[in-house]
Amino acid sequence: MAKTLSKPRLLPPRATRATHNIGSKTKLRPRDIPSFADAQPPLFREVACAVCTASVLPRKELYEAWAVATRVDAAFTGYTRVADLAAGHGLLAWLLLLLAWERGAPRTAVCVDVRMPASHETLSAALVARWPRLDGALHDVEPSPLTSRSSSCTTPSAWHTALARDTHA
């Protein structure tokens with residue numbers, strides 16, 4: 001029997017969407033917290049507030065990371081460890097941790113990037129301040145992505161870089 005995946009809710013309620021542009025590249029700030037007051041699901045609302053507190057990410061990054069995280073989490077519910085490759089700020093890994101923990105399925109994550117931006121530390125601090133139980137659940141690695149290895153129980157959650165392929169094989 002094929003497993004059917006329910007469609008994750010990607011956008012807040014229509015009334016909230018009308019108040020702001022979800023594709024905005026403007027960084028979210030504490031003053032933006034009220035615009036998420038009616039956002040659903042509640043986890044998205046709480047994450048949005050933490051992201052606003054951090055003041056380091058554009059609005060579009062929040063929505064893009066949520067869309068990817070909800071789809072990856074729905075497709076790979078049984079995985080206890082995720083790897084966010086080319087992680088940058090690491091929001092995708094944090095969301096995958098939170099989605100699993102919300103279901104009562106603890107998960108750990110590794111953020112792999114050649115160079116973690118300053119926004120990674122700031123965002124991590126804001127999220128751990130909101131969810132202290134996640135402290136230590138996410139690990140950072142800064143090697144070359146080509147030398148990273150994973151085991152059979154790790155699912156990569158994203159790969160943002162383009163790798164050259166030999167098409168003359």
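This section describes the fold, the nonpolar core, the helix packing and selected local features of a predicted model.

The secondary structure of the protein chain consists of 5 helices and 4 strands. In sequence order, these elements follow the pattern α-α-α-β-α-β-α-β-β. The protein chain has 169 residues, of which 44% are buried. Among contacts between residues at least 6 apart in sequence, 79% join residues at least 24 apart.

In soluble globular proteins, nonpolar side chains tend to be buried together. In the present model, the largest nonpolar core comprises 41 residues, and the members that touch the most others are Phe36, Val47, Val51, Leu62, Leu91, Leu123 and Trp131. At least two core residues are supplied by each of helix H2 (42–54), helix H3 (59–75), helix H4 (91–102), strand S2 (108–112) and helix H5 (118–130). The greatest contribution to this core is that of H4, with 9 residues. The surroundings of leucine 62 illustrate the packing: when neighbours within four places in sequence are left aside, leucine 62 is in contact with Leu28, Phe36, Phe44, Val47, Ala48, Val51 and Leu91.

Two packed helices are described by the angle between their axes and the distance between the axes. For H3 and H4, the packing angle is about 45° and the axes are 9 Å apart. H3 is therefore oblique to H4. The crossing in which H3 passes H4 is right-handed. On the H3 side, the contact is made by Glu61, Leu62, Ala65, Trp66, Val68, Ala69, Thr70, Val72 and Asp73, and on the H4 side by Leu91, Leu92, Leu95, Leu96, Leu99 and Ala100. Classified by residue type, the contact of H3 with H4 contains 12 nonpolar, 1 polar and 2 charged residues.

H2 packs with H5 at an angle of about 135°, and the axes of these two helices are 9 Å apart. H2 is therefore oblique to H5. H2 passes H5 in a crossing that is right-handed. Glu46, Ala50, Val51 and Ala54 form the H2 side of the contact, whereas Thr122, Leu123, Ala126, Leu127 and Arg130 form the H5 side. The contact of H2 with H5 is made up of 6 nonpolar, 1 polar and 2 charged residues.

A further packing arrangement involves H2 and H3, whose axes come within 11 Å and cross at roughly 145°. H2 passes H3 in a right-handed crossing. In this pair, Leu43, Phe44, Val47, Ala48 and Val51 of H2 meet Leu62, Tyr63 and Trp66 of H3. The residues of the contact of H2 with H3 comprise 8 nonpolar, no polar and no charged. Val51 of H2 thus appears both in the contact with H3 and in the contact with H5, and is among the core members that touch the most others.

Several local backbone features were also identified in the loops. Glutamine 40 and proline 41 are joined by a cis peptide bond, with omega at about -5°. Proline 41 is located in the loop between helix H1 (14–19) and H2. Serine 55 is not a glycine, yet has a positive phi of about 60°. The position of serine 55 is in the loop between H2 and H3. Serine 55 counts as buried because its relative accessibility is 18%, below the cut-off of 20%. Alanine 86, likewise not a glycine, has a positive phi of about 55°. This alanine 86 lies in the loop between strand S1 (81–85) and H4. With a relative accessibility of 18%, alanine 86 also counts as buried.

Arginine 107 occupies the loop between H4 and S2. Arginine 107 has a relative accessible area of 2% and is therefore buried. Residues up to four places away in sequence not being counted, arginine 107 touches Asp73, Phe76, Thr77, Tyr79, Thr80, Arg81, Val82, Leu96, Leu97, Ala100, Trp101 and Ala137. Of these partners, alanine 137 is 30 residues from arginine 107 in sequence, and the C-alpha to C-alpha separation of the two residues is 7.3 Å. Asp73 of H3 and Leu96 and Ala100 of H4, which are among the residues touched by arginine 107, also take part in the contact between H3 and H4.

Key
Residues numbered from 1 in each chain as written. Predicted model: local features only at pLDDT ≥ 70, side-chain atom pairs only at ≥ 80, totals over all residues. Heavy atoms only, no water. Core = buried A, V, L, I, M, F, W, Y, C linked by side-chain atoms within 4.5 Å. Buried < 20%, exposed > 50% of the residue type's maximum accessible area, 1.4 Å probe, protein only. Contact = heavy atoms within 4.5 Å. Axes fitted to C-alpha atoms, helices over the stretch in contact; angles between N-to-C directions. Parallel < 35°, antiparallel > 145°, perpendicular 65-115°, else oblique. Left-handed = near helix turned anticlockwise from the far one by under 90°. Nonpolar A, V, L, I, M, F, W, Y, C, P; charged D, E, K, R; others polar.
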